[in-house]
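Work through the exercises below with the sequence and the model side by side. Try each task before reading its solution.

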Amino acid sequence: QVQLVESGGGSVQAGGSLRLSCVVSGYTGDYYSMAWFRQAPGKEREGVALISWAGNTLYPDFVKGRFTISQDTAKRTLYLQMNDLEPLDTATYYCAFQSGSLPRTLRETSFRSWGQGTQVTVSS
């Protein structure tokens with residue numbers, strides 16, 4: 001079964017940067033989508049970035065230009081580079097995985113495998 005392990009969260013001041021990592025194991029297929037989601041206390045989980053096996057990416061407007069999703073297929077690792085962080089970015093960040101070649105969107109229900117989460121706190 002697919003396992004995902006996030007790391008790289010922490011506390012930064014507004015305007016700072018963090019890079020999150022997610023190590024993927026247990027998948028033997030060729031096609032997949034991976035994504036980063038976040039959830040702040042009292043709010044719904046929301047997608048922040050998506051990447052397919054082919055390298056296609058998708059971002060919502062509220063992170064476009066600040067966040068970059070990437071992958072290292074040799075290392076089986078997903079990354080999220082976050083720049084110009086704002087207090088509203090404070091949340092628990094989760095990586096997610098879904099097998100298959102069909103297009104995916106940044107919906108929680110599109111993904112069946114999830115990491116444990118890593119906390120990001122941005123102070124003003």
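Three exercises on this predicted model follow, each with a worked solution.

**Exercise 1. Find the disulfide and place it in the chain.**

Solution. Start with a search of the whole structure: one disulfide turns up. Its partners are Cys22 and Cys95, with sulfur atoms 2.1 Å apart. That pair counts as a disulfide because the cut-off is 2.5 Å. Next, place the ends. Cys22 sits in strand β3 and Cys95 in strand β9, 73 residues apart, so the link joins distant parts of the chain. Then take the handedness: the angle about the S-S bond is 60 degrees, and the link is right-handed. Last, check exposure. Cys22 and Cys95 are both buried.

**Exercise 2. Work out the strand order of the open four-stranded sheet and name its edges.**

Solution. Trace the pairings across the sheet. The order is β1-β3-β8-β7, and the pairing is antiparallel. Now look for strands that pair on one side only: these are β1 (3–7) and β7, the edge strands. From one strand to the next, the twist averages 20 degrees. Finally, inspect one pair. β7 and β8 are joined antiparallel over six bridges. Within this pair, Phe67 has Met82 of β8 as its bridge partner.

**Exercise 3. Describe the nonpolar cores.**

Solution. Take the largest core: it has 28 residues. Trp36, Leu80 and Met82 have the most contacts inside it. Next, list the elements that give it two or more residues: β3 (18–25), β4 (32–39), β5 (46–52), β7 (67–72), β8 (77–82), β9 (91–99) and β11 (118–123). Then turn to the second core, which is separate and has five residues. Among them are Ala35, Phe37, Leu50 and Ala96.

Notes:
Residues numbered from 1 in each chain as written. Predicted model: local features only at pLDDT ≥ 70, side-chain atom pairs only at ≥ 80, totals over all residues. Heavy atoms only, no water. Core = buried A, V, L, I, M, F, W, Y, C linked by side-chain atoms within 4.5 Å. Buried < 20%, exposed > 50% of the residue type's maximum accessible area, 1.4 Å probe, protein only. Pairing = 2+ DSSP bridges. Axes fitted to C-alpha atoms, helices over the stretch in contact; angles between N-to-C directions.
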